[in-house]
Structure formats: structure tokens, C-alpha cells
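Got your viewer open and your mouse ready? Let's take a walk through the chains, one selection at a time.

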Amino acid sequence: MANISGKVYGLTILSPIIEDNRLEICHSMELRWYLSQLPRDCRSPFAQLSSTYLARLVVMDDVVFVGHPAHEDHLKSRYLIFESNFDGDLDTYLRRMATETKEFVEAVWKHCVGFPGTNDVAAFLAYMKKCQLNTTFYFADVNDQTVESTLTALKTQAALAHFMEKHEGMPAAELQRAFREFYQRLSKSPALPRGGNQLRDIRQEKIPHD
Amino acid sequence: MTKIDVSDIQGFALKGYNFPYARYLLLQLGEPEAARAWLRELLTVVTTGERWNIKPATTVNIAFTHKGLTQFDLPLATLLSFPLEFQQGMKARRQILGDEGKNAPEHWDPAWREDRVHAWLAVNAQDPAALDDSCRKMQDLMERTRGAVVLQAQDACAISIDQKFTAKEHFGYTDGFGNPDFKGAERDCVPGQGKLGENGGWEALATGEFLLGYADEAGELPVAPIPWLLGRNGTFMVYRKLHQNVGAFRDYLAAKGAQYAGGKEKLAAKFVGRWRDGTPLELSPDQADPAIVADNQKNTDFTYGADPGGLRCPVGAHIRRANPRDAFGFNGGLVNRRRIMRRGLPYGEYVPDGQPVNDRDDRGIVFMVLNASIFRQFEFVQQQWIEYGNDARQGNDKDFLLGNHGGEGRFAIQGDTNPQNPPFICGSLPNFVELRGGDYFFMPSLTALAMIATRNVDPR
Amino acid sequence: MTNLNGKAYAMNAITPMKPWKTPILKAFFFILGVVKPLQKDLKNLSFIHFARWVSVGRHSLPHLSEQQPHEDLTYDYLLFFSNFNGTWNQYIDAFSSVLYRGLDAIWFWSEKYPGSRPVTAFKRYIALVQFDTDYYYNVYPHSATNDVKAALRVHDALAAFARTSQSLSPADFGKAWLELKATVAPDLGSTGIAPEGT
């Protein structure tokens, strides 16, 4: 199945955006404005949609004219592209979109043709699948993990690197005690925030260790 | 076979002179008429790449910042056709280069900080008397024509130990290995200095990686000013005055060297990838080997393919970062367009190991890079391989020696269960090197110098 | 800049294809086995998290209601979405230097594709066919794909060590610790902010 690589699903959705000449501010512009305000870090709806690795939303205005002798093609509608890479199966993901990130989904897809809302989950799934494109070739560098296992590994690596650096040259008995303590603390420590924390993330700031 | 006209190319771009003394005069140019008059006379004494039968007492070379070029009243369209990064200058590119914190312009020498340098006039000499004499002549010419004034004179000198000049820099490492070979350069190819050929072995790199007007490794002409003749046989130079905190380095090495089971000298070797005498770790992981160092056919002939785990030369060691050779796979294909030609000499008083040294003293290395594309070559290496570690699979870790660590750097040394080669994690790295100024320069050919001096430049 | 989130860059590209070429492209992908060597090279380059090519037929754009006008296109379109690490120039330089065979096989069928060498013409074409992302989310902005892979190796090594080292004597612990350190020492790079793109 070309949309899947190991445990990762590559979802590509192309939703036509409503064209309405009567509106003062057209749908695509409002949508773009909404997207520009949407937080992109741990406060993102995709942090809530916790199986998401990387996801994007793109308003595609038109196809491209590559120059003579190619013909000039134009689209009659604009399209919203939703590209997501997540672990797990499609139905679960779409269902979670409709139930756990309702507000976001409504705010975005209300600008799209034929959007049935999120109250009828089955209708929402049908709608999204109608807009789904099949991937011809999907590449995933790492495809045997989940988001959770990946974040756990990242936390472990940072903590262990820091521990090894700080305990260089410690004698074995002391080290063994220190390690035991370290490992217990590590197992109990909170997961890394999905999406990072942009408020903390100004230039020159490092990620704090355990 | 590329045949390059060495009489048209400035010698500094083609070869390291290996003269022990140098003075880099940083100039501010006068009014266009005066500057042109000065240049018309100067270019008659500029040293070219022609072979010497007898080594001259001194050499003279010249290069200009973009601001300097505007002083000659060249057509605007020509000035705007220079590569973007050269137009902006090094100070404007500081975020890309990581020149922040201790490396930020507020710590630079005034001439650099205030963006006033128009030209770099370099005099290299065999002895101090010849140096002073030549510089006096340069000064006379400037005064007579009113073409330029000296903002700062930067002296540099090879470090002398036991009354012999060495190739060492202030941290004690022997420098100067591994400058790239390119087609058409008259010196002999040295194994390891070129690129990896398709059937193993080493080949010279494309001329256009180091000189404008020739095909580069991608089979294209590097970005050059219009008209073409203005750029041809010229090149771009990056000048960086790197202050060295010798005291901090020696303290760090002593402290960690006491902990590291391989000993202090081996630890010093692990930081860089060569023992301090120049022996590559890949060729001799357990001890320095003067026989290898002395043999040009051996001292830079190695690859990393047999050492993917960094057991001999750590994965993040300085020379492995600066020239990864085959470490990224693809037979070096990702590295061939990132090579840089280095020149330089130490400055400031050398303090032998064991004697107290004050890091507030002015000492370090004048580091110069020659390349056809500052953006694609120097800036890339500086940004992606020195101040960052992703390509070396070292995450955000910076180069041990040059990294802008700010006191929190980390350097991991890989190892195994051999008691003399343990894994060892160095942390809390301070800034061993601090940037004190510099800029981007265009080093024109002799033809181009004449074009500039006679205002014979048509922008099309 | 909305194409970036942490260490990842979201590239979108669309290229037109004469409809009779589309099945050839699809065949190329699977029957001629272009896919396997390309996959291997992409993994070795190790700077793409996820990437996909999506072929969209000119009659296959989603049509949801009679109010929506039917599209009337001459060409089929090939969409390309990449999540990669590094700068735009670095990415395309790398493709042009070492991946050119695989890429040419895919984009050869697109109109006016100049080939991935020489690189300047290639970059110009990509800049023409690239369009920008409006919203980009990255679950691990401080981690490139190299960091992720290193972390997975370290995590596995530590888990194995923790299991077996519980009851060791200090001397044996010391030995086992050294072995762990030797195993993970290539993978201890710190994570953080990516350098500013040029």
C-alpha cells in the first residue's frame, strides 16, 4: 500500500476551497490568516493529535506554468493540501481529528467544498477519504517507531549524554550508585513536549537537561 | 587539461609562499582618481604566480572588499553583479556564520568593527628588514598618490622554536596540511589533497573551485562579476583574525589530559585528528610518527572509510569536520564542492609550553581562505561543519577548537575497550578561539587590476 | 518563515506532465526498480524525515459538489512533498551531486525539466515549481533525522545495559559501563536550534 511505510502512514488530502465572489474576504485568504495565527509548537492542535510526526497545510493557488512550449494550465478552484506523517492507521487518525481537535478542523475545513462538519464522524471520514490522494512513492527514514517511542529515545539520549559528560572519571562504585539514581529519575521524568516550546526557544537558549 | 596563465594570477592565490614574516596592511582608499593612480603603480609590483628561479625578498598582493571596489567608481551594474555574500560583507553575514556572543563584531578590532576596510595589501618577507623596507615603499606610494591610507597594520610571523621557524600555531599543532590540489596548479599533486577518484586514488579538483573563469566541480562557471574578464583568474578571499586563548586551551588540556587514559598528547590529537606534530590519527593512532610527517607522499594520504566509528580519529575531530573526505559515503561526492584553500600565519608573542600565558594578550592566527564561492565553500563549512554537527552525526556539537561554545560545548571521543583508547566525553568547552575581525575580499587577476585602474569596465 | 519548523524544511513542488507519460512514470517507479537504489541512497544521505511523490491525474482532482466547477487541465501533475534537514541550497546541491540518477528518472517526465545537472538550471527550475507552506508542524523541532536515529540506538543500548547491570559488582559494573560508553559514544551529539538558512 503506497501510503504506508512500516508503521508510518503518509496522508495526502486535497480539499477544494470554496470560491465565493460575493464575499469581501475570500475563503482562501481567511484560511491563510487563520493558519498564520495557529501556534506551531506544543500548543498546536497536532501536538494534541499526538501520533503526528510532521504535518503541513498548504493553500495551493494554482498549478505552475513552466514556460514555452508548455501550455498554460489554470485551476478553477484553489485547493487546501493537508500532508501528514503519523504512526497508526488512517481511520483512527481521522476519528481523532474529528473528536479531539474539533475546533481546529472546523476552523480550517469550513472553507472547503462539501465539508460535513465533525459531529457526524462517519461523514467526516467519508469526506476526507474522498479528498485523499494516493501516494506513488513514499519514503520514511525511520518507520519502525511511534511518536511516543521516538520522543522517549530523544529524552534518553540527551539525558545519558549529559550524565556521561558530568560523570567522566568517576570511580565505579560511586558511578553505579549515581547511575541507579539517574535511571530511576529518567524513568519518571516527563516526556518531551510534542512540538517543542517556542516561547522558551529563543536563539542561544539550550534545552535544559533532566 | 586546464592550462592556466600563472602570470595573470596573483601568487597568493596559487601558492603558499612559506615566507616567515608578513604584514597585512588594511587600507582605506582615497578618491577614485587617486585610488586609480595608486593602483596603476601598485600593480606593476604585484607578485604573480610565476615560478621563481630565485625566491624574492618580499612579495606584494592586493585584494578589495566590495566597499573598496565601489571606491574606484566602477559601473553600478558591475558592482551589483558580484556574488551577494561578497556584496554584503562578512559582518552582515554574522548570523549565518555564528559570529555572535564572543565572536560578535562588538569584540572586533575597530577597523573591522566599523566596516572601513577597503583593501588588504599583503607583504610577505624573508626577514624583518626586507619587510620594513617593502612596507615603507608601499607607504610612500600611498602618500604620494593619496590613493590610500593604512587603517591597521597586522603583523604575523611564523613561530620560532629553538631558533628555527616552524609551521606550528599557538596551541602547539603543526599546521598547513591538506590544502586542496586543483587542475592547472603547477605544484605536484600530493596524495590526499585532491578528491577521491572513481577508481580509488586521488585526483586534482576542478580549477573553478578556486579560480573564477574555469569550470568547477559541478561543470559550471562559478558566479563571477560582469564583464567576464574582470573575474577571470581572480578569486575570493575570506580574512579572519582568530584570537587564541592559549591559557584556556592549556588549562583544559592539562585538566582533561590527567583524566584521559591515553594521556595528554593523545587527547590533544583526538581534538584535531592529528598529533601535534602533524601525524594523522588515521595513519598512526597510537603515537606520533615523524617519518610520516616528513613524507609528503604520506602525511595527508588517508581516508575515513575504515574508521566509521571514529575509533582512530573521532567523528567530530577538527580535520574530519573541515574535510570529511569519504566519511559521508558516495566516494566523497558531497565534499568536493566544499573544499577551501587555507593560508595564514600566527600573530602575537609565542609563549612556550610550561610558561605562564595571559589570554588578554593579543595572539592568535590570521586565517585566510581562498575559494571561488564564499557562499558555497567557506560559509558552508563554517556554518554546517564547524558551528554545527549534523553532517558529522554529532547533532548540534561544534568543532572543538573553533566552535563558539560559550562554556557549554561538548566533544565526544569515541573509543573501545583498549585501555589506551577509551571513550571519553569532554564537556563545558570554553571558546578556545575568538573572532576579532575580518571581511570578504575579491583578489583580482593582473588583467582585472589594470581594468579597475584604468576604469575599463563595461557592465553590458 | 513558514517553510521551516526547527530543523525541518517543508518543500512543496508541482510539475506538469503530459498525460501519456504518467503511466510510464508509475511503471518506472515499480517495474524498473528505480525505487530500491533510490531508497538506499536517501537513507544514506540521511537528511530527509519523510518525502513523497503523488501523481494527480488531470481528471482526478477531488470534486465535491456541483457548485464546484470541474477542472479543465491539459496536464497531469506530479506533486512532491519533502520534510528535510539542512538549508534549501544544501539539499538541492546534495541531490545534484549524488542522487541525480534517481531524481532524473522521476522528473524526466515533467515538462521542461532541465535535469539535475548542471545544478544552477536545476535550482532555477525547483524555485519555479516550488510553492510555500502555510502551516508546518514538527513534533521534534530540535532533532534532525540523524538525531532521531542516534537517539534510538542510544535508547536501545541503555535499555539493554540497565537490564543486565542491575546486580553487578562495582568492578563488573565499571567494565559494562565502559562497553556502554563505547557503544553510544558516536551518538551523543546535543540537539537544539538549526543554523540560520542562507
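Here is a tour that starts with one chain, moves to its neighbours and ends in the core.

**Before you click**

You're looking at a predicted model, where local features need pLDDT of at least 70, side-chain atom pairs count only at pLDDT 80 or more, and totals for chains, interfaces and linings use all residues. Residues are numbered from 1 along each chain as its sequence is written, while chains are lettered from A and ligands numbered from 1 in the order in which they are written.

**Stop 1: select chain C**

Colour chain C by secondary structure and you'll find seven helices and six strands. Helices here are DSSP runs of H or I with at least four residues, strands are runs of E with at least two, and both are numbered from the N terminus. Follow the sequence along and the pattern reads β-β-α-α-β-β-α-α-α-β-β-α-α. Is chain C a compact globule or more spread out? Its radius of gyration is 22 Å, well over the 16 Å that the globule rule gives for 198 residues, so chain C is more spread out than a compact globule. (That radius is taken over C-alpha atoms, and the rule is 2.2 Å times the number of residues to the power 0.38.) Turn chain C around: its C-alpha trace spans about 75 × 40 × 35 Å along the principal axes.

Now pick out residues 4-131, which are domain 1 of chain C, and then 145-187, which are domain 2. These bounds come from an automatic or database domain assignment. The C-alpha centres of the two domains lie 40 Å apart.

**Stop 2: zoom in on H6 of chain C**

H6(C) has 21 residues and reaches 30 Å from its first C-alpha to its last, close to the 30 Å expected at 1.5 Å a residue. (The expected span is 1.5 Å times one less than the number of residues.) Its buried residues include Val148(C), Leu152(C), His155(C) and Phe161(C). Buried means that 20 or more other C-beta atoms, placed from the backbone, lie within 10 Å of the residue's own. What covers them? Show helix H6 (147-166) of chain A, along with strand S3 (48-56), strand S4 (76-85) and H7 of chain C, which are part of the cover.

**Stop 3: bring in chain B**

Show chain B beside chain C: 30 residues of chain C are in contact with 36 residues of chain B. Two residues are in contact if their C-beta atoms, placed from the backbone, lie within 7 Å. On the chain C side, helices H3 (88-98), H5 (119-129), H6 (145-165) and H7 (170-184) each supply at least two residues. H3(C) gives the largest share, six residues.

**Stop 4: over to chain A**

Chain A also counts seven helices and six strands. Its radius of gyration is 22 Å, where a compact globule of 210 residues would be near 17 Å. Buried residues make up 40% of chain A.

**Stop 5: finish in the core**

The largest nonpolar core has 232 residues, and those with the most contacts inside it include Leu80(A), Trp120(B) and Val238(B). A nonpolar core is a set of buried Ala, Val, Leu, Ile, Met, Phe, Trp, Tyr and Cys residues joined through C-beta atoms within 7 Å. H6(A) gives the most to this core, with nine residues. For a last click, centre on Val238(B): among the residues that Val238(B) touches are Met90(B), Ile374(B), Phe378(B) and Tyr440(B), not counting residues up to four places away in sequence.

Definitions and conventions: Buried ≥ 20, exposed ≤ 12 C-beta atoms within 10 Å, placed from the backbone.
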